Every structure is written in C-alpha cells, then in structure tokens.
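Biologist: I should like to request a close look at one part of this model. Please begin with the whole chain and then proceed to the part in question.

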Amino acid sequence: MKTITVNLTEEYTGKTVKDVLNSIGLSSRCISRLKNNPSGIMLNRRRVTVRAVLHAGDLLELDFGDDVSSFEPQNLGVSVLYEDEYAAVFNKPGDMCTHPSHDIQSGTLANAALWHFHQGGENITFRAVNRLDRGTSGTVICAKDAHSSRMIAQSYEKVYICVCHGTLPPSGTFDDPIRRCADSSMRRETGEGGQNAVTRFERLSASGGYSLAAVHLPTGRTHQIRVHFSCAGFPLAGDSLYGRPHEVIARQALHCAAVKYRIGRKTVVAVSPIPDDICRLTESCALLLPSEDEIISLL
C-alpha cells in the first residue's frame with residue numbers, strides 16, 4: 001500500500017483537491033485509481049471528492065491501495081544499491097533478464113525485486129523505470145508506486161560504461177534512426193524509417209585495438225548502444241548478436257554504471273561497481289577503468 005500525505009499550507013487555501021493532484025503531477029490513471037478507492041482521497045480523515053475546497057492546516061491523504069505483481073518472489077542474491085520509500089535501485093547481473101517474458105517466468109530481476117520488497121513487508125508491483133537487456137549489467141530503478149515512477153522517469157539520468165573494438169574518437173554522437181531488421185524479430189539496424197535515436201559517447205581509454213567509453217542516451221531504443229556502435233564500426237566486445245564472441249567475456253561488455261534522479265526535494269545518486277568480467281576484459285586490453293568518483297562526475 002502506498003499513501004502520500006500532504007500538509008496544506010496557506011498557498012492551498014481556496015484550491016480544490018483536483019488542483020493539488022494536478023500540481024504534483026498525478027496521471028489521469030492515478031487520479032481515477034484514487035477516486036475508485038474508498039479511502040483514496042481523505043481530507044482531515046474524511047472521504048471527499050476532487051471538488052473539495054481546501055484550507056490552510058488541512059491534512060490531505062492519498063491512498064493508492066494495494067498494487068501487487070503476479071510474479072513469483074525469488075531470493076536470487078541481487079544487491080540493492082539504494083532504497084527509500086519511493087524506489088529501490090538494484091544491481092542487475094549481466095546474465096539476468098529484467099522482466100519475465102512468455103518463455104522466462106523466473107530468475108529475473110522482477111522476481112528478485114518482489115522477494116526483496118516482500119521481506120520488508122511491501123506487497124507491491126514491479127515497476128522498472130529503466131530496463132537493461134539481458135547481457136547488460138548495472139543499475140535498474142524500481143519505483144514503488146505509479147506516482148513515484150512517473151516523477152523519476154521525468155528526471156533520471158544514467159551513464160553506461162562499455163568496451164568496444166577499435167579506437168573511438170575522443171568524443172562524438174551517433175544520430176541515426178534505428179529500425180527492426182526485416183529478417184529478424186530480435187536484431188535492429190540503422191536506416192530510414194526507423195525511430196529517432198541519439199547516442200553520445202566519450203572515450204575514456206584506448207589501447208591494443210580496444211576502447212573504453214562512457215555513454216549517455218538522450219533516447220532509449222532497443223539495443224541502441226549496441227546497434228549504434230556496431231553500425232559505426234565499433235562493435236562491443238563479446239556482443240555475439242552485433243559483433244562477435246570474445247574469449248574473455250561471455251556477454252556484451254556493457255554496464256549501466258550509475259543513475260541519478262530527483263524525487264520530491266531529494267536527489268538520488270546510485271553507483272554500480274564495475275563487474276568482474278568487465279574488469280578482467282579491461283585488464284587484458286590494458287584499459288584504465290574510472291573510479292567511482294569519476295563515474296559520478298560523468299552523470
């Protein structure tokens with residue numbers, strides 16, 4: 001159950017509940033949910049409609065009710081990088097799917113997150129604000145309610161670390177639309193008719209025919225980093241779908257190293273340690289990894 005409490009100050013005098021709901025950014029779906037919940041909108045402990053007029057000193061409570069996922073909770077040993085009443089940031093392993101699918105119903109981050117929330121007495125749905133491909137490791141933000149999900153999605157930033165073949169320019173931008181390949185339901189390619197996609201990168205290190213880069217995504221398309229780097233002639237190390245396998249790493253060398261977002265008056269920064277397989281890869285390629293402080297500075 002998720003409840004938001006608003007202590008009303010002088011500025012709210014004469015306004016309606018609906019004015020407050022709109023001012024805090026609730027979607028029409030969230031407002032409908034509040035209306036349909038018998039204890040959804042409580043003013044001074046009494047149920048009211050969105051037309052109720054407010055006064056300074058009033059207590060407004062918004063109860064979104066129970067919101068439970070149907071996935072099986074599983075203890076999968078996934079670590080939590082940060083948590084508060086609004087969200088948790090999980091450290092997704094590289095061999096794990098973010099969300100169950102038709103073929104995969106267990107062993108995903110969703111299953112692990114539900115187990116973690118249940119341990120804390122929270123029976124809530126799984127809301128991944130950002131999602132990572134299977135084979136990509138790192139930070140995933142899971143909001144605890146629809147309103148928090150909406151607020152975080154409007155403000156979050158993330159930075160990826162990747163290792164690719166070739167020597168990248170010091171910095172640059174890939175600005176090529178991405179579309180589904182005609183002969184594959186999984187692969188993507190750049191080309192006319194695709195969705196707008198922009199990838200910005202900064203080379204952090206280069207050695208022996210490899211580059212280590214920090215990557216930002218103004219847009220979020222399926223396989224975006226992998227497609228853009230591959231189509232530009234710099235496939236990610238270990239990416240068997242868009243490049244070729246690698247003897248040191250059994251997946252694409254791509255890691256969501258840090259996220260930053262705002263919720264209310266709070267700014268949250270969470271950093272995921274570089275996983276062992278990418279550390280081994282960078283060591284074998286003589287690439288220098290950034291420190292945690294350097295990663296945070298890239299946000």
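How many helices and strands are there in the protein chain? Within that setting, where is the place of Asp-239, is Asp-239 buried or exposed, and with which residue does Asp-239 form a salt bridge?

Modeller: The structure is a predicted model, and every value below is computed from it. The protein chain contains seven helices and 16 strands. Along the principal axes, its C-alpha atoms fill a box of roughly 70 × 40 × 35 Å. The chain has 299 residues, of which 51% are buried. Its exposed area is about 14,500 Å², and carbon and sulfur atoms supply 45% of that area. Among contacts between residues at least 6 apart in sequence, 67% join residues at least 24 apart.

We may now turn to Asp-239. This residue is placed in the loop between helix 5 and strand 15. Asp-239 counts as buried because its relative accessibility is 2%, and the limit for a buried residue is under 20%. Once its neighbours within four places in sequence are left aside, Asp-239 is in contact with Arg-226, Arg-244, Arg-251 and Gln-252. To place the residue in the wider model, one may take Leu-26, which is 213 residues away along the chain; the two C-alpha atoms are separated by 40 Å.

One of the contacts of Asp-239 deserves particular attention. Side chains of opposite charge can pair when their charged atoms come close. Asp-239 and Arg-226 form a salt bridge, with 2.9 Å between the closest N and O atoms. Asp-239 lies in the loop between helix 5 (224–231) and strand 15 (254–263), while Arg-226 belongs to helix 5, so the pair ties together parts that are 13 residues apart in sequence. Both partners, Asp-239 and Arg-226, are buried.

This pair belongs to a total of eight salt bridges, and two others help to set it in context. Arg-179 pairs with Glu-189, and here too the closest N and O atoms are 2.9 Å apart. Arg-179 is in strand 11 (residues 178–180) and Glu-189 in strand 12 (residues 188–190), so this salt bridge ties together parts that are 10 residues apart in sequence. Arg-179 counts as partly exposed because its relative accessibility is 32%. Glu-189, at 27% relative accessibility, also counts as partly exposed.

The other example joins Glu-83 to Lys-144, with 2.9 Å between the closest N and O atoms. This pair links distant parts of the chain, 61 residues apart: Glu-83 stands in strand 5, and Lys-144 in the loop between strand 8 and helix 4 (146–153). The two partners fall into separate classes of exposure. Glu-83 has 31% relative accessibility and therefore counts as partly exposed, whereas Lys-144, at 6%, counts as buried. Glu-83 and Lys-144 also belong, together with Glu-122, to a network of salt bridges.

Lys-158 offers a contrast with Asp-239. Lys-158 is placed in strand 9 (residues 157–165). Lys-158 is buried but has no salt bridge, and the nearest side chain of opposite charge, that of Glu-157, is 10 Å away. The reasoning is short: a salt bridge requires a nitrogen and a carboxyl oxygen within 4 Å, and the stated separation is 10 Å. Apart from neighbours within four places in sequence, the contacts of Lys-158 include Asn-130, Val-215, His-216 and Ala-258.

Some of these residues lead to the nonpolar parts of the model. The largest nonpolar core has 44 residues, and Phe-126 and Phe-229 have the most contacts inside it. Helix 3 (residues 109–119) supplies the largest share of this core, namely six residues. A second, separate core has 20 residues, among them Ala-214, Ala-237, Ile-249 and Ala-258. Ala-258 has thus appeared twice, as a contact of Lys-158 and as a member of this second core.

Helix 3 merits a final word. Its buried residues include Leu-109, Ala-113, Leu-114 and Phe-117. The buried residues of this helix pack against strand 5 (80–83), strand 6 (87–92) and strand 8 (137–143). Strand 5 is also the strand that holds Glu-83. After helix 3 comes Gly-121, whose phi is positive, near 80°.

To return to the request: Asp-239 is a buried residue at 2% relative accessibility, placed in the loop between helix 5 and strand 15, and its salt-bridge partner is Arg-226.

Definitions and conventions
Residues numbered from 1 in each chain as written. Heavy atoms only, no water. Helix = DSSP H or I, 4+ residues; strand = E, 2+ residues; numbered from the N terminus. Buried < 20%, exposed > 50% of the residue type's maximum accessible area, 1.4 Å probe, protein only. Lys, Arg positive; Asp, Glu negative; His and termini not counted. Contact = heavy atoms within 4.5 Å. Core = buried A, V, L, I, M, F, W, Y, C linked by side-chain atoms within 4.5 Å. Areas by Shrake-Rupley, 256 points an atom, 1.4 Å probe, with all protein chains shown as cover.
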